[in-house]
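User: I'd like to learn how to read cysteines and pockets in a model. Can you take me through them?

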Amino acid sequence: MSSTSFKLIPHAAGMQRVAATYSLHGQISVLKATLQITYQLEGKLAELKIPNCSSQPLRQDLLWQATCLEFFLAAAGNSDYWEYNLSPAGDWNVYHLDSYRKGLAEEPAYKQLPFNVIRDDKQLSLSLTCALPPALITPTAAARLEVGVSAVLQSSSGELTYWAVAHPGSEPDFHHREGFCLKLA
């Protein structure tokens with residue numbers, strides 16, 4: 001099993017207030033063909049727009065326009081990658097991209113993506129266990145996984161803040177491959 005912890009930081013100057021208000025961290029691991037990720041968001045959750053859990057979670061587009069936990073997977077040396085979007089409401093999507101922001105298509109290997117969300121006034125925990133995309137199950141690909149973990153948090157006033165393990169550019173860009181800085185094997 002390969003496992004690593006992560007801590008997300010907000011992008012851009014002026015976000016120190018947000019960083020002092022919230023902590024966003026977790027763990028990601030891979031065992032054979034199964035990936036597990038857990039996010040822990042702590043702080044004044046009443047100051048964020050966090051959708052309530054849906055009784056019928058759906059595969060949806062544009063989840064990143066509101067509070068959304070995300071991660072990106074790629075095999076080192078390959079240009080294609082996968083984007084996972086997880087809304088605290090239970091809605092989700094997984095996309096495959098051919099290269100940087102090109103060829104976006106829903107990943108057909110996933111028909112559902114159930115995950116658990118536990119929330120109170122000061123903490124939100126989201127845990128997902130799922131199979132890796134079929135193209136990443138090969139021994140060569142699985143031995144060289146690169147991961148970018150990120151999140152969008154929406155304040156109660158509607159402002160979006162962008163969180164990631166690393167922000168390699170001057171603008172928030174979760175697709176930037178230098179942000180895929182966690183290594184799993």
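User: Is C68 buried or exposed?

Analyst: Keep in mind that this model is predicted. C68 is buried, because its relative accessible area is 0%, and buried means under 20%.

User: How many disulfides does a search of the whole structure find?

Analyst: Start with the general idea. A disulfide is a covalent bond between the sulfur atoms of two cysteines. Here the search finds zero.

User: Why does C68 have no bond to the closest cysteine sulfur?

Analyst: Distance explains it. The closest cysteine sulfur belongs to C53 and lies 14 Å from that of C68, so it is too far for a bond. A pair needs to be within 2.5 Å.

User: And what is the nearest cysteine sulfur to C130?

Analyst: That of C68, 14 Å away; C130 is in no disulfide. C130 also counts as buried, at 8% relative accessibility.

User: Now pockets. What volume does the largest pocket have, and which residues lie nearest its centre?

Analyst: The general idea: rolling a probe the size of a water molecule over the atoms shows where empty space is left. In this model the largest pocket has a volume of about 250 Å³. Its lining has 13 residues, with W64, E83, R101, F174 and H175 nearest the centre. By class, that lining holds eight nonpolar, one polar and four charged residues.

User: Which residues are closest to the centre of the second largest pocket?

Analyst: P57, G90, L113, P114 and F115, out of 13 that line it. The volume of this second largest pocket is about 200 Å³. Its lining divides into nine nonpolar, three polar and one charged.

Definitions and conventions:
Residues are numbered from 1 along each chain as its sequence is written. This is a predicted model: local features need pLDDT of at least 70, side-chain atom pairs count only at pLDDT 80 or more; totals for chains, interfaces and linings use all residues. Side-chain values use heavy atoms; hydrogens and water are left out. On a 1 Å grid over the protein atoms alone, a cavity is a set of points where a 1.4 Å probe fits but cannot get out, and a pocket is an open set with protein on both sides within 12 Å along at least five of seven lines; lining residues have an atom within 4 Å of a point. Grid points are joined across faces, edges and corners, and a volume is the space filled by probe spheres set on the points. Ala, Val, Leu, Ile, Met, Phe, Trp, Tyr, Cys and Pro count as nonpolar, Asp, Glu, Lys and Arg as charged, and the others, Gly among them, as polar. Buried means under 20% relative accessible area, exposed over 50%, partly exposed in between (1.4 Å probe, protein chains only).
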